[in-house]
Amino acid sequence: MASYPEELKYTKDHEWARASGSRVTVGITEHAQEQLGEVVYVELPKVGETVTKGEPFGVVESTKAVSELFSPVSGKVVEVNDPLTDSPATINEDPYEEGWMIQVEATQPGDLEDLMNAKAYVEFIEEEAE
Amino acid sequence: MDDALNARAMEPRQTPLHPAHVRADAKLVPFAGFWMPVQYGSLLEEHQAVRERAGLFDVSHMGEIVLTGPRALAAIQRLATNDLAACAVGQAMYAAVCNERGGIVDDVVVYRRAADDFLVCVNAANRAKDLAWFAKHVPEAAPRDEGDDWAQLALQGPRASAILARLTRVDLAAIGTYHFRDGEVAGKPCIVARTGYTGEDGFELFCRPDDALALWDALLTAGAPDGLVPCGLGARDTLRTEVRYCLYGNDIDEGTTPLEAGLGWIVKLGKPGGFLGSEALARQKAEGVSRKLVGFTLTDRGIPRHGYPVLLDGRKVSEVRSGTMSPTLKIPIGLCYLPADRAAVGQPFAIEIRGRPVPAKVVPTPFYKRPSV
């Protein structure tokens, strides 16, 4: 059964965001990794690069599909989960913890406000499935 | 035709094994007019199972066209690039069917069931086109569409033979590669052919549609101790790419010739009487091909995908035909056409991925070769 932690915020592109002060950690959701299948390739920005809310910041690919990653916040990348490059399957195994992708120093504090909470996200993916 | 009828006409068909796929919770996609399993669970595990143990595929979507009678041999010789006169009864041959320009109408496997009886296994997407092509060019042989009369199961992998042996009295050791016999498997009459599309040892079983489910279940049960798993089209595609088997519609089509695709070995220009496309192919062979299908890997990170631009000296020269991350080799691999004078192993070029040129180089193929036993 897919899980959607209460403390996270969710985008319509199936990323999650976890805020700790102005630091925001970003990954993809359980639903996203299920839809994509086994991740065999990931391309992430480098520390110091800027990301923009709603714009692509990287790519995850399974054997059959390519999926762009869209940033839920604007800001500067302060940490990147580099081990994912060599073990992209971590994104399938543990999307919310070990499978995190980037950490951003957010420049727009309000960026997360229009994202969905867990309940709204679950409703959203149910609607999408119909 | 009203919309409801149209919708019905568009709805993909089900293979005789559909209930098994639904039961196994396979991910089903429309493919060449059929609901086909793309994967049952993990594509990578299915791929690995075939390389290391065994996998079972539903390939009932493939078409069968039969030519029989006194004009059958002449007809198949006219249609196919390979020399079916040299194909013994009980033997199968890979061949291309070409148009007058040498372009590939389809790539097929011809099973010679008797001196005057040829079963041509054709690509699912080409069933109607091939039948029309055959009917147009060899009407005297009255080509017969048996596509709905056969289900087809592919049992592939190093354990395939041992698994199949538990269900049949057919002497499998006596069936060489690209040979076949009639026999019973799990009590069901089958053509037992040592053919496949994975680069592994294995068998393709042609059976009656009504027997397909029982045969599928019997094989999975018999193979369970060996780790036999059902496999979908996803693994079928990565397996065939690793061994550089062409996929019609990707690597070859009516705009490409077998000589360009590296399939010169199935083009028998010396065959008496020639064949459809033989003049064009003889001309191309004499002049030399202007482009070649090559295997490549990327020398930087990325995965090449069908349709990505191929850049040579910074200029787009073609597009990626097939590409994937090789599950066995764990490197990006792909096939594309390059100018013939720039197609040697080691040739550097680039694949444009999301607007960025990623360096690539031509490598020897097949990318993967099964360990010799």
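Let's start with what chain A and chain B hide between them: about 1300 Å² is buried, and 47% of that lies on carbon and sulfur atoms. Keep in mind, please, that this is a predicted model. On the two sides of the contact you'll find 14 residues from chain A and 17 residues from chain B.

What holds our attention at this interface? Five salt bridges are found across it. One to look up on your screens pairs Glu43(A) with Arg354(B), where the closest N and O atoms sit 3.5 Å apart. There are also eleven residue pairs in polar contact between chain A and chain B, with both partners at pLDDT 80 or more.

Now, which strands of chain A supply at least two residues each to the side that touches chain B? They are strand S4, residues 39-43, and strand S6, residues 56-62. The largest share, four residues, is the contribution of S4(A). Sorted by class, that side of chain A has six nonpolar residues, four polar ones and four charged ones.

Let's move over to chain B. Its mean pLDDT is 96, with 97% of the residues reaching 70 or more. One stretch to treat with care is residues 1-5 of chain B, where pLDDT stays under 50. For that stretch the model has one contact beyond four places in sequence.

Next, please find helix H8 of chain B, residues 233-242. This helix is mostly covered, as nine of its ten residues are buried. Among them are Leu233(B), Ala235(B) and Leu239(B), but also charged-group names you may recognise, including Arg236(B), Arg240(B) and Glu242(B).

And where do those buried residues of H8(B) pack? Their neighbours in chain B include helix H3, residues 43-52, along with strand S2 (27-31), strand S3 (34-39) and strand S4 (55-58). Further along the chain, strand S17 (315-325) and strand S18 (332-339) are packed against as well. Just after H8(B) comes Arg244(B), which takes a positive phi of about 60 degrees.

My last stop is Arg51(B), a residue of helix H3 of chain B. Is Arg51(B) buried or exposed? Its relative accessible area is 8%, under the 20% cut-off, so Arg51(B) counts as buried. Leaving aside residues up to four places away in sequence, Arg51(B) touches Leu239(B) and Glu242(B), and its other partners include Val243(B), Pro158(B), Thr198(B), Gly199(B) and Glu200(B). Thr328(B) and Tyr368(B) are touched by Arg51(B) too. Leu239(B) and Glu242(B) are also on the list of buried residues of H8(B), which ties this arginine back to the helix we just visited.

Conventions. Residues numbered from 1 in each chain as written. Chains lettered and ligands numbered in written order. Predicted model: local features only at pLDDT ≥ 70, side-chain atom pairs only at ≥ 80, totals over all residues. Heavy atoms only, no water. pLDDT = per-residue confidence, 0-100. Contact = heavy atoms within 4.5 Å. Buried area = accessible area lost by both parts, 1.4 Å probe. Salt bridge = Lys/Arg side-chain N within 4 Å of Asp/Glu carboxyl O. Polar contact = N/O pair within 3.5 Å; in protein donor to acceptor, adjacent residues only side chain to side chain. Nonpolar A, V, L, I, M, F, W, Y, C, P; charged D, E, K, R; others polar. Buried < 20%, exposed > 50% of the residue type's maximum accessible area, 1.4 Å probe, protein only.
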